[in-house]
Amino acid sequence: TTAVAALLPAASRTLFHLLCTLEESDRDDWVVTAVWPPVYGDAPPDLEATLRPVIAAGLVAVEPAGDGQPARYHLHPGVADASRSEAGAEWRERVDGVLAGFWVAEYQRGLATEGQGGGALVHRAGLAAAPYLLRQQAWETASTLLEQVVQRDEHPATLATVLPLFDRIMAGTAGTPGELGVRGFRARLLRLAGRLQEAEREMQRIIADAEACQDWRLASGMAGDLITLWKDTGRAEPALALIERKKDFTRRGDFGPWSQMSDEGTRLQLLNALGRHQEVFDAVQTLRPELAALPEDSGQQEIAHPWNVREVMLDTGRSAALALEDWQAALALNAEIGQFQAARGAPALERARTRFADYGPLLRLGRLAEARTLLEHCRLEFEAANDYPALGPCLSALGDLEHQLGHLPEARRFEERALRPNYRVANPKACAISHFNLAHHLMRGAGTPAEALAHRFAAVIVDALIASGSLQSGLAALRQDLTNLGPEAPSLVPASFAELVARVEAIEGVRFGEMAERLNAGRFDLDELVRMIIEAALAAVNGPDGEPETVTAP
């Protein structure tokens, strides 16, 4: 490589060194065209003419542009390594400086045009700038850009790329004033990546450290992440207590109105999780004029982006409308969210997650063909991305659709498939919903009554352990099942917690016993909890005179 490159004209050799020093993902024609002048210096020669000798020497291959994609330059890794070694450290620092500046400028351009679709550029530029910034030890800038990337894209592949970069940033900032902030964002990445116990421990330590040094802004952000973790793992009550501390942190940090509105949105999400849906829906409708009136630029430091606050608040109202069975309101709110996402260029996976929420209202309104088209599209997106948190509910929704169409065996298969990703991500609420729905399919002909009761009990126990707002409807459904079974009902219920675990874990991937023990955390004797639920349900069925009572199904 060195011998062949030495025969190139001087300008062509410089261009060859540039191509070899670029990160592989940056060897696009439009990137090279943009950075060639500042790398070369005064009066750079024509790029195309300068490139011809490099191609003729067989050092670089060109993949022509096609289908709207730019031309790309391909080099053998060994050739690139040899060229970088020959060019030397000073050259590498020069290229790193130019490329870091180029991608930071592109990132800023994406931010400025995000409302017109610049979000994709923020994502590309943030990831592209990171290797150059890290080699320059520009830890703070690299951290800022990567945080913005993850805020816009939580795809598993993105997290897998960003987490090791943050490990390098944390090593580089150890013992400096910036260390605590880097630790905070890395803890958030651990949560998003599913390393929940590790993330929870680190978040609690960071909140304590931030309070001790009066870093109210970090305390506010980290409290928000811990609240999200608790909410997602069925612990809405402690999360609701923490939100008041978070509001205080936000005020002490002098954050602006969008940040304070974000805290209120989080509080409403927690109330939704506790079943206080009418209160939430009314609050969102009251807050919408205030949201519309807030300027995009508040003139104050913000911990939340206006687009995120707006979309989360609308989605919280949509969730409440769904629980209240106001189907048209739910569709209208979700359509508004979709419009905002399209305007800012949200990734396809994020938009699919948003569109998925329309399936329930479509089913309840009898628009079954639209629901099937929507769900099949979403399933393909979620499977392609290995997005297990979204895939489980999507498969459950397909089971719901098949049940509506009277296809009970297909409904059972979809719901059993849904349980596996739900348990894989340890989402207790999603698991409870799947157990509840599976019991519904089984009780109506897709299985045996004993199987159905086991899954109904599993749903009730999980809802009880997480204090879910769905607990009462689950108990009502259990009583209705027992009423319908009549005198044989007592012989079909599980006699102990161990028997219940054995029944529901007959489905591959279901780890009900492990989840229940974790959620319980030693609070109750689980055998006693099963016995109490059985006795209460049977007593309600038999009534005071020993005759079955009529119980309305949920």
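Contact here means heavy atoms within 4.5 Å. I note at the outset that the model is predicted.

**Entry 1: Arg310**

I looked up Arg310 and found it in helix α16, which spans residues 306–323. I then asked whether Arg310 is buried or exposed. Its relative accessibility is 14%, and buried means under 20%, so Arg310 counts as buried. Setting aside neighbours within four places in sequence, I recorded Trp258, Glu296 and Phe340 as the residues in contact with Arg310.

**Entry 2: helices α14 and α15**

Trp258 led me to helix α14, as Trp258 belongs to the contact that α14 makes with α15. Two packed helices are described by the angle between their axes and the distance between the axes. For α14 (residues 257–273) and α15 (residues 277–293), I noted an angle of about 160° and axes 9 Å apart. That angle makes α14 roughly antiparallel to α15. The crossing of the two helices is left-handed.

I next listed the residues that form the contact. From α14 they include Met261, Leu268 and Leu271, and from α15 they include Val280, Ala283 and Leu287. Charged residues take part as well, among them Glu264 and Arg267 of α14 and Glu279 of α15. By class, I recorded nine nonpolar, two polar and four charged residues in this contact.

**Entry 3: nonpolar cores**

Which residues touch the most other members of the largest nonpolar core? I found Phe16, Leu18, Leu99 and Trp103, in a core of 99 residues. Another core, of 44 residues, lies apart from it and includes Ala446, Ile466, Leu485 and Leu529. I followed up Leu99: leaving out neighbours within four places in sequence, Leu99 is in contact with Leu22, Asp26, Val31, Val35 and Tyr132.

Key: Residues numbered from 1 in each chain as written. Predicted model: local features only at pLDDT ≥ 70, side-chain atom pairs only at ≥ 80, totals over all residues. Heavy atoms only, no water. Axes fitted to C-alpha atoms, helices over the stretch in contact; angles between N-to-C directions. Helix = DSSP H or I, 4+ residues; strand = E, 2+ residues; numbered from the N terminus. Parallel < 35°, antiparallel > 145°, perpendicular 65-115°, else oblique. Left-handed = near helix turned anticlockwise from the far one by under 90°. Buried < 20%, exposed > 50% of the residue type's maximum accessible area, 1.4 Å probe, protein only. Core = buried A, V, L, I, M, F, W, Y, C linked by side-chain atoms within 4.5 Å.
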